[in-house]
Structure formats: C-alpha cells, structure tokens
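Trainee: Before I do anything else with this two-chain model, could we go through it together? I'd like to know how each term is defined as we go.

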Amino acid sequence: MGIILFISFLLIQAAPGDPVAALAGEYVTQEYRERIIRHYGLDQSIWNQGLRYFQNVIQGDFGDSYYFKDSVSQVIIERLPQTLLLVIPSVFFSSFLGIFLGLHAAKSNNTIIHSGIPLSATLLNSIPTFWLAYLLILIFSVKLNWLPIKGMVNPRLFSTGIDYYLDVAYHTILPLCTMIFSQLAQIILLTRVRLEEEIKKPYFRTAISKGLSKNRAVTHHALPNAVLPVITVIGSRFGFLITGAILTETVFAWPGLGRLMVLAIEVRDYPLVLGIIFILSAIVMILNLCTDICYSVLDPRIDFNRNE
Amino acid sequence: MNKVSATQWWGFLLILPALISLFFAETITEGSFLNQSFEAFQQPSGLYWMGTDDLGRDLWTGVVQGLHNSLIIGLGVTILAYSIGLTLGMISGFFGGILDLLLLKLSEVFVILPRFLIVILSASLLGQGVLILILTLGFFSWTTIYRIVRSEVLSLRRREYVLAAVALGSSPEWIGRKHLFPAVLPLVLSIAPLSICHAILTEAGISFLGLGDSENVSIGYLISNANNFIFSSWWMFFFPGASLTLTVMGFSLISYQK
C-alpha cells in the first residue's frame, strides 16, 4: 500500500516538470534566440518539448546545462556529496538531541528546565536560518576566531589524505550546527507535547502505581509511544530540511546543491534548475519512504500489506 | 475560547511593533527606504535609530516597511490557505466517496512537494512580486487545514442537526456555510499564527536569496545586503534579523501549547 502510494507520488511529482520545462524554453528564446533555438530544439511545439524532456528524465538524462556546458546529471553528481554531508548528519544529530532534550523537559520537576527548554526551543524556531548562520559566524569566527567563516576547505593549504578530511571536518562544524539548530526546535517541542499526552494515559498511571520511578516510567513506557509520531514529523519535515540546506549553503559559500541552485537561477540555467529540483524532490521522497519503513519496523501495529 | 494565558500575552506584546508597522508604517517613518543619502554606514543614533546602510538608507525605515511587507505576506498566505483548505475540507468531508478520495490523494501530493523549491521556481519563472509569492505559498499551504477540517466534517456529518438540515432539504452550500463552517473554524484558527510564521520565514528566505520583490523592502533583503559588511557594521545585520525573530516568536507564543 505504502509503496503503491509512493509510486503514484513519484509520477505526479514528475508531472510538473513538463509545463515548467516548456516555460523555461519560452523564456530562454527571449535571451539567446538565434543561436540557441535550433540547438536545444526550441522551435518545436511546447508539448513536444515537454514530452521529450519527460522521456529523457525517465531515462536519467536531464539535458545539458546552459552555463556549465556539461550534462546536468554530471554537474549535480559533483555537488551532491557535499549537500549530503550536511543533510544526513544533521538529521541524526538533531533527532537524537531533540528527543533527548524534549524528554528532559517533560520529566523534569525543575521549573527552569521544564518550561525553559520549550521556551528556548520556540525562540530557536523563530530565528530565520540564515540569520542564525550569521550570528554563529559573528560569534565563533569574527569575535572568537575559532572557526572558519566560509568555504569547505582552506584553499591555501593544498592538503591531501587525512589532513584534507580534517580540514573539511573543521569547515563543516558551523554549517552543520546551523542545520542542526534549524531542525532541533520542532523536534524538542513535539517530543515534549507527545510525552505529556502519554503521561496522562491510564497505562502510565499503572506503571507509576506498580512502583516504578517517574524517571523509569517515562523513558521505558511513555517514550516508545511518544516517539512514533515524532518520527513521522521528522519524515514530513524533509522539505524544510532542503530549505535549510539551500540557505545554509548560501551563507557559508558551501559548494553543494543548494548553492548550485541559486547560481543556476541567477544565470537562468533552467535545465539545471529543473534537474536540481527533481533530484532534491527525489531525495525528499526517498527519505519519506525510509521514514515509513522505519515506522513500520518500530510500530508492530502498522502493517502495510493488510488492507482494512 | 479559553482564557488568554500569560505566554499568549507575551506573544501579543511581541507582535505589537509589527502590528503598529502594519497599520502606521507611513506615519512613523519619513519617505521611502529607497531614498539614498550621503550618510552611509552611520551608527545608530538619535537621528538614525537603527543606523544607515551602505547606500545611506535609513534602516529604521527599512525595518518598519520590511515588517509591514512581511506581515502582509504572512496574512495574505494564511487567508488564501485557509480559504482553500476550509472549502476543500468541507467538500471532501461532506460529500465523501470518490471526490473525497481524489482530494485526499491530492492533498498527499501537495504535502510531499517541497514548498520552498516551488516558491523559488515560481519566483524565477513567473516573476518576483508580492502577489505571486502570496498566491504560490498560499496555494501550497492548504493541506494541514484541509486534513483537520475534513476529519472534523466527517464526524459532524452524522450529527443530528446536520442530518436535520439535510432532511429539510437545505442545499449543501447552505449547510456548509451555516452549520459546518462555524463548527470547524475555531479548530483551525488556533494554528493560524503558526501559518503566519511559516509564511513570514519563507518570504524572508526567498528575498534573502535575491528572489524577493525588488520594489518593496524585505527583511531578508536587508540581511543579505548586510552580508558584505558583517565585520564593520553590526547594526545593518542585527536589527532586521532581531525584529523579524521577535515578531515570529510572538506569533508562535500566541499558539503555544502549555
């Protein structure tokens, strides 16, 4: 059931590509007219172009980038690892840290922790990602001079081997922190709210009355139930993750897909823009599928094969 | 409605400056932000409350007008998303059947589309204007409201007062307007501030990338403009971001769950 849903998503998801491809074609003719029209087949009807683009995309060919004079897939593949380097660790760190902090906020009797964590999470949630990135730069790079401001490697070092990886790791700290912070708040708030709902339920009272400490009852009885919806929400927020990645990469001049996309828009390189949007959407959907699978493994009550 | 909690009062207090800028932006600032002067990079002072930027533009004016525009976009997107979500939700829940199934699948598709990418795409293809931004964002933000309304209407449909209205021969439109709408509105209204938050932050992100409306000031533009002067002029970067953060914080406190 879940997989069928996923495939239908994928098909409809791919569909916006063709009218958009047509639009992009229209726009370019205004700029490049004579030289480009014949070369990219823009003299054909809009429907033909869309159909052809669609056919090519299914075969994994996104066309050629106007700006880089290389195939779109090649350009994207070069940038993809850098984006994943930020995205994947940030999901893990923010999930674990968020659930941990949410758990503490829910079970603590100390007023400062109990309402302080959610309130600071709300504040964190209100800060625009790019402003947060600048704040971090201002504190850790400009004032304290601990961490590099921009880029992914130090261009003056020409380091190789282990030194190269250390250099990349050093440059990754600030962008990664920005990405983690931008997701953290939601997870903290949600974990706390879910936990407090679970605490009100009868089974929790049973656990307490049979002599468990509140601490143990929360971690072992309420948490497993509360975490499930949190995982769904983490899954449904991958779209926001992309937003965070684009903004973070722009601030830190990080050579990833988000930065590439902004550049592609600036130079009106539509095949590239479409290719990136397609790839990013595909990543979002694959991650969603992963969450669904995760969910069914964690919650034995869910069975995708059984129709109700 | 419940009593207004202390957190919510703080929320109202925080959005007060933004509300003032929404209604009195013209009164409390002089001229347009785009008016340049020779007094560039002035520190905050009695004359320039928030300093001036690289082109000698008054940042106080910029922040006030930027908040004004942010709020218009936030409210516009929310109103549009609520209209679509409420209408489709009521249709879907009331009629059920194949129509319900289609709308439900459609909402699932809309949920999964990365909204920010769509807005970037529309800004770069259709043009960079406030109206286009509001339309695109609103058109892609209705799913949450749709789902809440649909599930509520599904249960409301079996209530006796709705059944009585059906039996009396009221048209679906009349039932929707007179019986369903007042029942579902309070449910979804409590999350309206969060919808405003999302819209404001998305708009800031878009204009930070340089895809905002070039005719109107935006907080995102002010921050991206401060980018090059982050070492020398802290005020150019600090005030726009702080004012936006506090406003968004205010809206989230209003719908804060205790």
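**Walking through the model**

Mentor: Of the 258 residues in chain B, 46% are buried, where buried means that 20 or more other C-beta atoms, placed from the backbone, lie within 10 Å of the residue's own, exposed means 12 or fewer, and partly exposed covers what lies in between. This is a predicted model, in which local features need pLDDT of at least 70 and side-chain atom pairs count only at pLDDT 80 or more, while totals for chains, interfaces and linings use all residues. Residues are numbered from 1 along each chain as its sequence is written, and chains are lettered from A, and ligands numbered from 1, in the order in which they are written.

Trainee: And what share of chain A is buried?

Mentor: For chain A, buried residues account for 38% of its 308 residues.

Trainee: How many helices and strands does each chain have?

Mentor: Chain A has twelve helices and zero strands, and chain B comes to eleven helices and zero strands. Both element types are DSSP runs numbered from the N terminus, with helices being H or I over at least four residues and strands being E over at least two.

Trainee: What about long-range contacts in the two chains?

Mentor: Taking contacts with a separation of 6 or more, residues 24 or more positions apart account for 72% of them in chain A and for 71% in chain B. Two residues are in contact if their C-beta atoms, placed from the backbone, lie within 7 Å.

Trainee: Switching to the interface, how many residues of each chain take part?

Mentor: On the chain B side 29 residues are in contact with 35 residues of chain A. Helices α3 (97–112), α4 (115–126), α9 (192–208) and α11 (234–254) of chain B each supply at least two residues of that side, and α11(B) gives the most, with eight residues. By class, the chain B side holds 22 nonpolar, six polar and one charged residues; Ala, Val, Leu, Ile, Met, Phe, Trp, Tyr, Cys and Pro count as nonpolar, Asp, Glu, Lys and Arg as charged, and the others, Gly among them, as polar.

Trainee: Which residues have the most contacts inside the largest nonpolar core?

Mentor: That core has 131 residues, and those with the most contacts inside it are Ile188(A), Ile242(A), Met261(A), Ile276(A), Leu280(A) and Ile120(B). Helix α2 (residues 59–95) of chain B gives the most to this core, with 14 residues. A nonpolar core here is a set of buried Ala, Val, Leu, Ile, Met, Phe, Trp, Tyr and Cys residues joined through C-beta atoms within 7 Å.

Trainee: What does Met261(A) touch, then?

Mentor: If neighbours within four places in sequence are left aside, Met261(A) is in contact with Ile246(A), Val273(A) and Ile276(A).

Trainee: Now α10(A): is that helix mostly covered or uncovered?

Mentor: Helix α10(A) is mostly covered, since 15 of its 15 residues are buried. At 1.5 Å a residue, those 15 residues should span 21 Å, and the end C-alpha atoms are 21 Å apart, which agrees; the expected span is 1.5 Å times one less than the number of residues.

Trainee: How does α10(A) sit against α6(A)?

Mentor: The axes of α6 (residues 129–143) and α10 (residues 238–252) of chain A come within 9 Å and cross at roughly 35°. Axes are lines fitted to C-alpha atoms, for helices over the stretch in contact, with angles running from 0 to 180 degrees between N-to-C directions. The crossing is right-handed, which applies when the near helix is turned clockwise from the far one by less than a right angle, anticlockwise being left-handed.

Trainee: What comes right after α10(A)?

Mentor: Ala253(A) follows α10(A), lying in the loop between α10 and α11 (257–266) of chain A. Although Ala253(A) is not a glycine, its phi is positive, about 50°, and with 12 C-beta neighbours inside 10 Å the residue counts as exposed.

Trainee: Last one: why is Asp213(B) classed as buried?

Mentor: Asp213(B) is buried because 21 other C-beta atoms lie within 10 Å, and its place is in the loop between α9 and α10 (219–226) of chain B. The C-alpha atoms of Asp213(B) and Gly129(B) are separated by 4.6 Å, although the two residues are 84 residues apart along the chain.
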